[in-house]
Amino acid sequence: MSIEKVKAYFKTFGMEDRVLEFDVSSATVELAAEALGCEPCRIAKTLSFSVADEPVLVVTAGDVKIDNGKYKAKFAAKAKMLTHEEAAELIGHAVGGVCPFAVNDGVKVYLDESLRRFDTVFPACGSSSSAIELTIPELEKLSGFLEWVDVCKPKGA
């Protein structure tokens, strides 16, 4: 199970006990914010894409969406999200629990600038009913990200 893989990964850092599990779904930004009692913007949603047939994750704040122009300028490709089946197979986590931790080999992780305005954020932990509160430096360290990117815009913009 994906959450067990994430917990085992966090155990190597002595922080598996920080993983939160809920009796309710946290599969969407709104549901996660409700389960956690926080603002939706602080949910670190992990979006899965295919770039040149390679799996790519972009972790963003919960109140933004991908800006197609910025995305194309950064990745030299149109934003093509993975299907539910592709995400589970290529990333190692099912949609609703996709996170940048304990992913399959070859998955490239990017953090979006929209996250930098927060002291802590809440990414999922491999299941549709889990999360962990991390500082931005912890997210950087634990996600194994390649670089910060600016590929989002506010929802409604």
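## A first look at the fold

Welcome! The protein chain has five helices and 10 strands. Its radius of gyration is 14 Å, close to the 15 Å that the globule rule gives for 157 residues, so the chain is as compact as a globular protein of that length. Please keep in mind that this is a predicted model.

**The chain as a whole**

Along its principal axes, the C-alpha trace spans about 40 × 30 × 25 Å. Of the 157 residues in the protein chain, 49% are buried. Among contacts with a separation of 6 or more, 65% are between residues 24 or more positions apart. The accessible surface comes to about 7700 Å², and carbon and sulfur atoms hold 52% of that area. As for charge, the protein chain carries 18 positive and 24 negative side chains, with the centres of the two sets 5 Å apart.

**Strand β3 and its partners**

A good place to look next is strand β3, which covers residues 54-61. This strand is mostly covered, with seven of its eight residues buried. The table shows how β3 pairs with two other strands.

| Partner of β3 | Residues | Sense | Bridges |
|---|---|---|---|
| β2 | 43-51 | antiparallel | eight |
| β5 | 108-112 | parallel | four |

You can trace each pairing through a pair of residues. On the β2 side, K45 has T60 of β3 as its bridge partner. On the β5 side, V58 is matched with Y110 of β5. Strands β2 and β3 also form a hairpin, with two residues between them. In that turn, A52 has a positive phi of about 50°.

Conventions. Residues numbered from 1 in each chain as written. Predicted model: local features only at pLDDT ≥ 70, side-chain atom pairs only at ≥ 80, totals over all residues. Heavy atoms only, no water. Buried < 20%, exposed > 50% of the residue type's maximum accessible area, 1.4 Å probe, protein only. Pairing = 2+ DSSP bridges. Rg over C-alpha atoms; globule rule 2.2 N^0.38 Å. Contact = heavy atoms within 4.5 Å. Areas by Shrake-Rupley, 256 points an atom, 1.4 Å probe, with all protein chains shown as cover. Lys, Arg positive; Asp, Glu negative; His and termini not counted. Charge placed at Lys NZ, Arg CZ, Asp CG, Glu CD.
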